[in-house]
Amino acid sequence: MENNTAKNGLTRRHGAGTCIRMGYSLYADNFKTILKSSWIPALIYSLVCAAMGALCVIHIPDIAVTMMRGTAPDAETSRLPETIFAILFAAGGLTEIVFYSCGMSLLRSHKADGMIDKSRGWLSFDTRTALRTLKITLTTILVCSLTAVVLWVTYIYLLNAAGLKTVSLLKSVVITGVFTTVIGIMFLPLIFPIMKYILNDNGKLFATLTSGYVAGLRRLPFILAVSFVAMCVTVAVSIVTQLPTIILTAANAQSIYGTVYGDPLGMPSYMPALTAATFFAAGLLQAYIRMSVLFPLYYAYGSVETFFKEKKESKTKQNTTNQ
């Protein structure tokens, strides 16, 4: 059994590069166990992706052609597909959160014992971790959404007050891009309290969020470095694995564009089934690609936690010596 205080353990201070290397190594070495623990929500999530992809192929061409010809789509006809799509989107989001909780459950076992629990069966499910993951994730999404709305309203008001609403498109894109990036960086410290709440049973939700955000803010450059590299890896791999869906989407868009000029839609009858199968495979791959990000962030959390623990112990020791 690996001791968590060992060189590659969680409760040690590591650099950003070390956290990334150890995180992805831990993920790769235990992928079979991760697959056993998470295949059910991964399957459900992939089916949702397949249904959404097929629905888009069936429904969007009619709406797109109608709008490109300058007429409004029929509200009665579009209401049912849009409702189904909204339900699928919400179901997919909740399923994805539960899927991530399976990875967090394994990380909890690693934090407790210094190793991933390999004894879990193909039908195992950690309800406690799933509930804690859902609680902290949904709360964070709500807080971030409300904060983003307030900041955007303030941003637009300041632009209007400063007379910048008539600036060129390029300047507007640059200013908006910078503002959006700043907001995104402001939310990054939340990674620390999210990991802390899920990995520990004794923390209260809002107390962990508030105190953890302050702690994460103090270690923002470190968290930013780990998150940025993990994001780049995820985006790069995602683009490669999503090429089939990108090609299908481009083919559908080109076919839709041609119908405006009187061409037939030109897509074969099996296109919805092909799209569903492609989106199913892409959804499954994307789920496991995104889950891998949790593992570098896990070590980043441990490093930040250890940093503040050592700092507190050093301060206590210094006060004792002075006395």
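# Two cavities and the packing of α4

The lining of the second largest cavity is made up of eight nonpolar residues, with no polar and no charged ones. This cavity belongs to a predicted model, which holds two cavities of 30 Å³ or more. The points below cover both cavities and then the contacts that helix α4 makes with α6 and with α7.

**Second largest cavity**

- The space inside the second largest cavity comes to about 40 Å³.
- Its lining consists of I191, F192, M195, I223, L297, A300, Y301 and V304.
- Two elements, α6 and α11 (294-322), each give two or more residues to that lining.
- Helix α11 supplies the largest share, with four residues.

**Largest cavity**

- The largest cavity has a volume of about 60 Å³.
- Around the largest cavity stand S37, S101, C102, S105, R120, S124, F125 and D126.
- Helix α3, which spans residues 75-113, contributes the most to this lining, with three residues.
- Sorted by class, the lining of the largest cavity has four polar, two nonpolar and two charged residues.

**Helix α4 against helix α6**

- Helix α4 covers residues 127-161 and helix α6 covers residues 191-199; their axes lie 9 Å apart, at an angle of about 155 degrees.
- Angles over 145 degrees count as roughly antiparallel, so α4 is roughly antiparallel to α6.
- The crossing of α4 past α6 is right-handed.
- On the α4 side, the contact involves T129, R132, T133, K135, I136 and T140, while α6 brings I194, Y197 and I198.
- The residues of this contact comprise four nonpolar, three polar and two charged.

**Helix α4 against helix α7**

- Helix α7 runs over residues 205-218, and its axis comes within 11 Å of that of α4, with the two crossing at roughly 55 degrees.
- The two helices α4 and α7 are therefore oblique to each other.
- As α4 passes α7, the crossing is right-handed.
- K135, I136, T139 and T140 of α4 make the contact with L205, F206 and L209 of α7.
- By class, the contact of α4 with α7 has four nonpolar, two polar and one charged residues.

**Residues and elements that recur**

- K135, I136 and T140 of α4 meet α6, and K135, I136 and T140 also take part in the contact with α7.
- Helix α6 packs with α4 and is also one of the elements that line the second largest cavity.

Methods:
Residues are numbered from 1 along each chain as its sequence is written. This is a predicted model: local features need pLDDT of at least 70, side-chain atom pairs count only at pLDDT 80 or more; totals for chains, interfaces and linings use all residues. Side-chain values use heavy atoms; hydrogens and water are left out. Axes are lines fitted to C-alpha atoms, for helices over the stretch in contact, and angles run from 0 to 180 degrees between N-to-C directions. Angles under 35 degrees count as roughly parallel, over 145 as roughly antiparallel, 65 to 115 as roughly perpendicular and the rest as oblique. A crossing is left-handed if the near helix is turned anticlockwise from the far one by less than a right angle, and right-handed if clockwise. Contact means heavy atoms within 4.5 Å. Ala, Val, Leu, Ile, Met, Phe, Trp, Tyr, Cys and Pro count as nonpolar, Asp, Glu, Lys and Arg as charged, and the others, Gly among them, as polar. On a 1 Å grid over the protein atoms alone, a cavity is a set of points where a 1.4 Å probe fits but cannot get out, and a pocket is an open set with protein on both sides within 12 Å along at least five of seven lines; lining residues have an atom within 4 Å of a point. Grid points are joined across faces, edges and corners, and a volume is the space filled by probe spheres set on the points.
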